[in-house]
Amino acid sequence: MTKSRFLRWGIPLLLLAVFVLFILWINRGERIALVNREGQTFEKGVVTEILQDNLQPDGSRVGEQRVLVRMTTGVRAGQKLETTSSSGFLFGAGCTVGMRVIVMQSVAGDSTVTSVYAQDREWVIYAFAAAYLLILCLVGGKQGLKGALGLVFTFFCILFVYLPLVYRGWSPFWVAVFLCIVTTLVTMYLIGGPTKKTLVATGGTVAGVIIAGVAATLFSLASGITGWNVSDIESLLTLSSTSGVQVGGLLFSGLLISSLGAVMDVAMSIGSAIAELHAQNPAISRRALFKAGMHVGRDMMGTDSNTLILAFAGGSVSMLVLDYAYDLPYQQIINSNNIGIAVMQGLSGSFGIVLAVPVTVALAVLLYTRQGQKAEPEKINKNG
């Protein structure tokens with residue numbers, strides 16, 4: 001019992017401690033400032049009065065609002081400051097009395113320059129995230145709680161492992177591979193424990209993600225689409241020259257991370273199905289087990305591959321609407337960098353999902369029948 005508990009919790013906790021030390025190490029040091037923000041802070045406040053509105057009779061806003069804001073954080077906390085809010089779609093807010101806003105302020109002695117940056121959305125983000133995790137735990141029970149822990153772990157890995165390593169100049173592609181392996185191991189272990197099913201699902205997920213990366217690389221070589229063709233390349237070039245970030249690999253590393261969830265879903269579902277089949281009939285032959293696993297996988301291929309393609313297509317809706325409205329020639333659209341990147345991401349991720357099915361099934365069959373069991377000839381039902 002003691003040995004079993006050590007294997008179940010001791011080794012994972014020891015590895016987790018090592019991983020935490022690794023995270024602390026890679027997050028040391030300061031980042032190079034790309035923009036001078038000395039004296040500038042973003043503070044919270046509440047709109048108490050509209051001094052001059054910019055609302056037009058047709059409901060649009062033109063120019064700026066002048067509003068009175070009671071600051072709740074920062075060196076001016078408790079004071080009421082007169083500030084402006086632009087009518088832009090990216091910055092500013094349509095202020096109303098009582099609205100919580102984020103104020104961009106620069107303080108120099110008794111002088112304060114302010115403007116409304118945006119509506120305060122922090123509490124909404126936290127509330128929705130908490131509501132999702134709560135519903136996940138209530139509906140999923142114990143497994144839902146484990147899934148929530150895996151999700152939180154993945155989120156923190158992206159923030160405190162992926163970003164620092166890429167910023168230090170490590171290859172974004174291989175950092176993404178490392179991130180996928182670590183998060184897959186932890187998530188699968190939380191859900192399945194130290195079982196063959198966990199090993200099968202982990203192996204299938206990692207294989208599927210790497211296949212997606214290979215497919216994207218081949219597409220890149222054939223089409224000339226690279227990580228240098230992204231829309232924000234000018235800002236990324238500045239980042240590359242100051243901190244050594246390998247900008248060209250960011251596009252492909254993002255593809256690996258975005259395809260991880262769908263591939264993980266396929267691998268775990270197949271691993272669970274084959275584990276249940278083998279538990280119900282331990283004498284089942286390798287051939288029969290492989291065929292059953294493939295039947296399960298084929299039912300999942302269509303919907304899960306659509307998941308990624310539709311996700312990337314959904315992210316490109318604004319671009320597609322503009323292309324349609326401008327009535328651009330087909331050859332211009334199909335050969336544009338944006339369309340090429342969207343197609344590469346959707347299809348490469350789908351390659352990973354589809355090919356993860358036979359890999360996962362084969363790995364499961366080998367693990368569950370590895371005691372030298374030979375494939376037995378299936379019985380033919382003469383009655384059909």
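## Exercises on strands, helices and rings

In this predicted model, Q105 stands opposite T114, a residue of strand β5. The exercises below begin with that strand.

**Exercise 1.** Determine how β4 and β5 pair, and which residue of β5 is the bridge partner of S106.

*Solution.* Step one is to locate the strands: β4 covers residues 100-108, and β5 covers 111-119. Step two is the sense of pairing, which is antiparallel and extends over eight bridges. Step three is to name partners: S106 has V113 as its bridge partner in β5, while Q105 faces T114. Step four concerns the turn: the hairpin of β4 and β5 has two residues between the strands, and G109 in this hairpin takes a positive phi near 70 degrees.

**Exercise 2.** Establish the order of the strands in the open sheet, and state which strands lie at its edges.

*Solution.* Begin with β1 (residues 40-52) and β2 (residues 64-71), which pair in the antiparallel sense over six bridges. Here E49 stands opposite L68 of β2. Next, β2 also pairs with β3 (residues 80-86), in the antiparallel sense and over seven bridges. In this second pairing V69 stands opposite L81 of β3. The whole open sheet has five strands in the order β3-β2-β1-β4-β5, with antiparallel pairing. Its edge strands are β3 and β5, each of which pairs on one side only. From one strand to the next, the twist averages 50 degrees.

**Exercise 3.** Decide whether helices α2 and α3 are roughly parallel or antiparallel, and describe their contact.

*Solution.* Two packed helices are described by the angle between their axes and the distance between the axes. Helix α2 spans residues 122-167 and helix α3 residues 172-192; their axes come within 9 Å and cross at roughly 160 degrees. Angles over 145 degrees count as roughly antiparallel. The helices α2 and α3 are therefore roughly antiparallel to each other. The crossing in which α2 passes α3 is right-handed. On the α2 side the contact includes L149, F153, I158 and Y162, and on the α3 side it includes V175, F178, L179 and V186. By class, the residues of the contact of α2 with α3 divide into 17 nonpolar, five polar and one charged.

**Exercise 4.** Carry out the same analysis for helices α6 and α10: are they roughly parallel or antiparallel?

*Solution.* Helix α6 (residues 250-280) packs against helix α10 (residues 337-368) at an angle of about 30 degrees, and the axes are 8 Å apart. Angles under 35 degrees count as roughly parallel. It follows that α6 and α10 are roughly parallel to each other. Here too the handedness can be stated: α6 passes α10 in a right-handed crossing. The contact of α6 with α10 has 18 nonpolar and eight polar residues, and no charged residues.

**Exercise 5.** State how many aromatic pairs the structure holds, and classify the pair of F22 and W25.

*Solution.* The structure holds eight aromatic pairs. For the rings of F22 and W25, the centres are 6.3 Å apart and the planes stand at 35 degrees, so this pair is tilted. Finally, place the two residues: F22 and W25 both belong to helix α1 (residues 2-26), where they are three residues apart, about one turn of the helix.

Key: Residues are numbered from 1 along each chain as its sequence is written. This is a predicted model: local features need pLDDT of at least 70, side-chain atom pairs count only at pLDDT 80 or more; totals for chains, interfaces and linings use all residues. Side-chain values use heavy atoms; hydrogens and water are left out. Axes are lines fitted to C-alpha atoms, for helices over the stretch in contact, and angles run from 0 to 180 degrees between N-to-C directions. Helices (H or I, at least four residues) and strands (E, at least two) are DSSP runs, numbered from the N terminus. Angles under 35 degrees count as roughly parallel, over 145 as roughly antiparallel, 65 to 115 as roughly perpendicular and the rest as oblique. A crossing is left-handed if the near helix is turned anticlockwise from the far one by less than a right angle, and right-handed if clockwise. Contact means heavy atoms within 4.5 Å. Ala, Val, Leu, Ile, Met, Phe, Trp, Tyr, Cys and Pro count as nonpolar, Asp, Glu, Lys and Arg as charged, and the others, Gly among them, as polar. Two strands pair if DSSP finds at least two bridges between them. Rings of Phe, Tyr and Trp (its six-membered ring) pair if their centres lie within 6.5 Å; planes under 30 degrees apart count as stacked, over 60 as edge-to-face and the rest as tilted.
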